[in-house]
Amino acid sequence: MTDERITDDVTIPGVPAPEAPPVAEPTEPRGPLAPKPDQRGPEPHTPTGAASADAPEAHAQQGAFLTTAQGTRLPTTDHSLTAGPRGPVLLQDHHLREKIMHFDHERIPERAVHARGAAAHGYFEASGAAEGITKAAFLRAGERTPVFVRFSTVLGSRGSADTARDTRGFATKFYTSEGVYDLVGNNIPVFFIQDAIKFPDIIHAGKPHPDREIPQAQSAHDTFWDFVSLHTEAQHHTIWNMSDRALPRSYRMMQGFGVHTFRLENTAGETSLVKFHWRPKLGTHGLTWEEAQLLGGKDPDFHRRDLADAIESGAFPQWDLAVQVMPDDPTEMYEGIDLLDPTKFVPEELVPLQVIGTMTLDANPTNYFAETEQVAFHPGHLVPGIDVTNDSLLQGRLFSYLDTQLTRLGGPNFAQLPINRPHTDVNDMLRDGMHQTAVHGGVAPYRPNSLDGGCPFHAGAADGAFIEVPAVVAESTKQRGKAASFDDHFTQVRLFYRSLTPIEQQHVADAYAFELGKCYEQAVKERQLQALANIDAQLCAAVAGALGLPAPDAEIQVAELEPSPALRMVGQEWPVDGRVVGIVADDATDAAALAAVRETLDAASIVPLVIAPHGGMLGAIPVQRTPATAASVELDAVIVLAASEDRRVRQLLDEAYRHGKAIGIADGAKTMRDAVGATPDDPGIVGGDAAALADGILAALPAHRAWDRLAAVEAAEKGGAA
């Protein structure tokens, strides 16, 4: 037995504690361990925004001995207080009462949407490119602002799988010098609805059926398709949800969008309308549908694990923040696109992106509940220079998010939780309430007053006050309804589909076929096929054929627009930081060759996982996986240094081949290539010695997959040709 970790110079993420635990239970009292090097809690600030001299660890548990919540040391927590060794538990057992009481109330209501999430700390550095369009201080050149980012699925409960087909939330909290600014968006630039009054409808339709509470975290059921086929403004978001965008390979490889149009104001009082975009430095990549399904069983925590592991291994994910800038005129339109319609986007070819800064995530939370679960976002958390528009969905969100925090976090003082505290002065005149942690002074929390010296005073523009842009409201009448510019529900849906590459289009058709195939009602399927006919006849025919139904003709005329290549996820090469490569080896594998492959991959910021017939060590090299624990879906590529007769290893290789992943097979392991039906000429298949394999994998990984091979395999599985 050993008290040392089995490790070497190559960092393999996933370490659960900052120190290796001993085999025997520790008995010598010592204080709490410090967080792991990859972890960081909220920066210490008081409930009213003052920087605190406390160390971050001051907010964690203290002392070497077990205590009650009141600090009284306890001799044991293993036995209740009883009347004798076999007698009843005594009512006076204050420790039992306190411990069970707190445990019974540990859970809080989960979010109605975006319940399942993962988060990280980081910072945003502004380039200064936005100084001409906004006076926001955090966007000035050289400004570095702490951030906390939460990624999430939308429909699933907190315990659902990460890899469900779904929209992903992308919410960023900027702790700016002018107050907290929240950019609360998604990984899809449009939304299902144009008006917040329909939000309960779309979520009720997408959630599990209320009678059986199934299916979980899925849109492949009757109520969802019943709604979106009837409420056709949802068709645009729906087709994005049927694309590979709804199956991200990683949060690190996922775009983010502000969805709405916002109004920026510069120091001269000039305004412009903008849309916000997050662009990942690693590119935008997806899983295959089969990978997503396999991961749902093998590793339902795949996305949150991937994010945490990448940060732990030093492959800090980065995104550029960019804006599309459009004139702020009374029409609030641009090239026929209504900028107040959240079901529409502005093609990048029409309005190019302007990068205004870069975000880096460099630390994992120290406590999931205190940070990721209790963080409270709100689109109304704004700073001077950034204002909202009259987008009806955005206007409704300004109300909804506050209601959510009241229910989830138990009262109005959620901004005082450490993860939500501003990093600037707070003097809000708000008092008391549940969970009040500030100790306010003075006697006059009102304005005007003289008893507290007149404090707090109103701020002017020169003092950095947030002053709403005096936007003109056109003369109109009170009504329920939308402008005619909101009526087109299909032109941009067609634009999206026809902008994709053939394999991406095939995946969209396959997704529709799967989802509608899970519906029970024939009427729902036929109604959605009619919507597809309005989008694209070829798409409709493919889906109808899979369902065994006739393809209807289009009912409306839809405009033809130039494709937008920026919408494609296929065809470029990207950095490979944080990718994971499996190395199949055994006890007979040349130790120097195995070490060289690992070192080459590690030097490229890739995580190498050694897969061997047994755990422990291969000579001096630690083993991370065995056939029992390895899975193709956790790997971006595979290098085979040793042949194996183990069925599980061959299955892993077969899945990697079918999913279009790069595979390197050593000259001495060619039987593995034959076992999966691969040939040396197949795209993404590399041969040679260990050095050639490592170099070949590094050359293949930037494309994410061998797309030609994936297309051929998927076509062959359906009995056709690529």
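Start by selecting R579 and D636: these two side chains form a salt bridge, with their closest N and O atoms 2.9 Å apart. Keep in mind as you click around that this is a predicted model. Now look at where the two partners come from. R579 sits in the loop between α12 (537-547) and β13 (580-584), while D636 is in the loop between β16 (621-622) and β17 (637-640). They are 57 residues apart, so the pair links distant parts of the chain. If you like hunting for such pairs, you have plenty to find: a search of the whole structure turns up 38 salt bridges.

**Colour the domains**

Next, give each domain its own colour. Domain 1 comes in pieces, so select 117-121, 148-256, 279-318 and 359-420 together. Domain 2 is simply 490-567, and domain 3 is 580-710.

Now hide domain 3 for a moment and look at the other two. The C-alpha centres of domain 1 and domain 2 lie 26 Å apart. How many residues are in contact here? On the domain 1 side there are 22, and they meet 24 residues of domain 2. Between them, the two domains bury about 2,100 Å², with 63% of it on carbon and sulfur atoms. Try showing D222, W225 and I239 as sticks: in domain 1, these three lose the most area to domain 2, and together they make up 28% of what that side buries.

**Zoom in on the interface**

Stay where you are and select R527 and D226. What joins R527 to D226? It's a salt bridge, and the closest N and O atoms are 2.9 Å apart. The count of salt bridges between domain 1 and domain 2 is 1. Polar contacts are also there to look for: 10 residue pairs make them across this interface.

Switch to a cartoon view and pick out α3 (222-230), α4 (235-241) and α5 (289-298), the elements that each give two or more residues to the domain 1 side of this interface. Which of them gives the most? That would be α3, with 6 residues. If you colour this side by residue type, you'll get 8 nonpolar, 9 polar and 5 charged residues.

**Visit the annotated spots**

Time to bring in some database information. Select H114 and N186, which an unreviewed UniProt entry marks as "active site". They are spread over 73 residues of sequence, yet they cluster in space, the largest C-alpha distance being 10.3 Å. To get your bearings, find H114 in the loop between α1 (94-104) and β1 (117-126).

Then widen the selection to residues 67-455, where the unreviewed UniProt entry places the feature "domain: Catalase core". Over this stretch the chain is 21% helix and 20% strand. Click on the C-alpha atoms at its two ends and you'll find them 42 Å apart.

**Last stop: backbone oddities**

Before you look at these, here's a handy rule: most residues other than glycine have a negative phi, and most peptide bonds are trans. Now for some exceptions.

- Go to E213, in the loop between α2 (199-206) and α3. Its phi is positive, about 60 degrees, although E213 is not a glycine.
- Move on to D432, in the loop between α8 and α9. D432 isn't a glycine either, and its phi is positive, at about 60 degrees.
- Stay with the loop between α8 (392-409) and α9 (491-499) and select P448. Is the peptide bond from R447 to P448 cis or trans? It is cis, with omega near -5 degrees.
- Finish at P456, which lies in the loop between α8 and α9. Turn the view until you can see the peptide bond from C455 to P456: it is cis, with omega near 5 degrees.

Technical notes
Residues are numbered from 1 along each chain as its sequence is written. This is a predicted model: local features need pLDDT of at least 70, side-chain atom pairs count only at pLDDT 80 or more; totals for chains, interfaces and linings use all residues. Side-chain values use heavy atoms; hydrogens and water are left out. Domain bounds come from an automatic or database domain assignment. Contact means heavy atoms within 4.5 Å. Buried area is the accessible area (1.4 Å probe) that two parts lose on being put together, summed over both. A salt bridge is a side-chain nitrogen of Lys or Arg within 4 Å of a carboxyl oxygen of Asp or Glu. A polar contact is a pair of N or O atoms within 3.5 Å; within protein, one must be able to donate a hydrogen and the other to accept it, and residues adjacent in sequence count only if both atoms are side-chain atoms. Helices (H or I, at least four residues) and strands (E, at least two) are DSSP runs, numbered from the N terminus. Ala, Val, Leu, Ile, Met, Phe, Trp, Tyr, Cys and Pro count as nonpolar, Asp, Glu, Lys and Arg as charged, and the others, Gly among them, as polar. UniProt positions are given in the numbering used here, feature names are shortened, and annotations may be inferred rather than shown by experiment.
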